[in-house]
Structures are given as C-alpha cells and as structure tokens.
Amino acid sequence: MLLIRCPWCGNREETEFRYGGQAHVHHPQDTSTLDDQAWAEYLFIRDNPCGELAERWVHTAGCRRWFNAIRDTATNRMRAELPSARKPVTR
Ligand SMILES: [Zn+2]
C-alpha cells in the first residue's frame with residue numbers, strides 16, 4: 001500500500017486520494033487562435049517520464065483539498081507535497 005502525505009492531514013493510504021494528472025499544464029492564453037494540433041497537444045499530450053513527474057492529487061476521503069507532488073514513476077516514491085495554491089513544484 002502506497003502512503004501519500006497530504007500537506008494538511010499527513011500520511012494516508014493511497015485509496016483516500018484521486019490522481020488529477022500532470023501539474024502545471026497551462027491553459028492557452030488566446031484559445032480563438034489555436035488550431036486542431038495545438039488543442040490536441042493541450043488536451044491530450046502529457047509528459048511520460050521514467051522518473052520524476054509533477055502531479056496533482058486530491059485527498060478525496062479526507063480534507064478534499066488539492067495539492068501538487070513530485071512522484072517518481074519508476075518507484076512511486078513521492079516528495080515535495082505542496083498545496084496547489086502555493087509556488088509550483090518543479091522537477
Ligand atoms: Zn488531507
């Protein structure tokens with residue numbers, strides 16, 4: 001069982017959380033100028049490293065707050081959990 005540390009509640013089992021995808025995917029500024037390729041990249045294309053990835057998580061069975069974390073996709077080791085409203089977590 002993977003333990004995930006919620007910034008507000010501390011360590012909890014992974015079943016209390018829901019994955020929210022890659023962190024820091026920025027919405028395009030002027031969407032009226034995007035072509036289909038640019039929309040597809042914004043909506044569907046994400047990093048897929050074998051290593052650390054900045055991710056969004058929500059503590060659904062606890063405080064229901066979102067936060068960002070760095071997870072190593074090879075080992076599932078998580079570090080640098082931060083409230084998502086604070087400074088971005090970088091790889
Ligand atoms: Zn929590």
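How are the donor residues of the zinc ion spaced in sequence? I looked this up before anything else. The spacing reads C-x2-C-x49-H-x3-C. I note that the model is predicted.

**Entry: the donors.** I listed the protein atoms that hold the zinc ion. They are SG of C6, SG of C9, ND1 of H59 and SG of C63. Their distances from the zinc ion run from 2.1 to 2.4 Å.

I then checked where C6 and C63 sit. C6 belongs to strand β1, residues 3-6. C63 lies in the loop between β4 (52-58) and β5 (66-72). The two are 57 residues apart, so the pair links distant parts of the chain.

**Entry: the geometry.** I looked at the angles among the 4 donor atoms of the zinc ion and found 104 to 121 degrees. The site is tetrahedral. For comparison, the ideal angle for four tetrahedral donors is 109.5 degrees.

**Entry: accessibility.** Are C6 and C63 buried or exposed? C6 has a relative accessible area of 1%. That is under the 20% cut-off, so C6 counts as buried. C63 comes out at 28% and is partly exposed.

**Entry: the sheet.** I traced an open sheet of 4 strands. Their order is β3-β4-β5-β6, with antiparallel pairing. β3 (18-22) and β6 (78-83) stand at the edges. Each has a single partner strand, so one side of each is left without a neighbour in the sheet. From one strand to the next, the twist averages 30 degrees.

I finished with one strand pair. β5 and β6 run antiparallel and pair over 4 bridges. R71 stands opposite M78 in β6.

Methods: Residues numbered from 1 in each chain as written. Predicted model: local features only at pLDDT ≥ 70, side-chain atom pairs only at ≥ 80, totals over all residues. Heavy atoms only, no water. Donors = N, O, S within 2.8 Å, 3.2 Å for Na, K, Ca; no water. Tetrahedral: all angles 85-135°; square planar, octahedral: opposite > 155°, others 65-115°. Buried < 20%, exposed > 50% of the residue type's maximum accessible area, 1.4 Å probe, protein only. Pairing = 2+ DSSP bridges. Axes fitted to C-alpha atoms, helices over the stretch in contact; angles between N-to-C directions.
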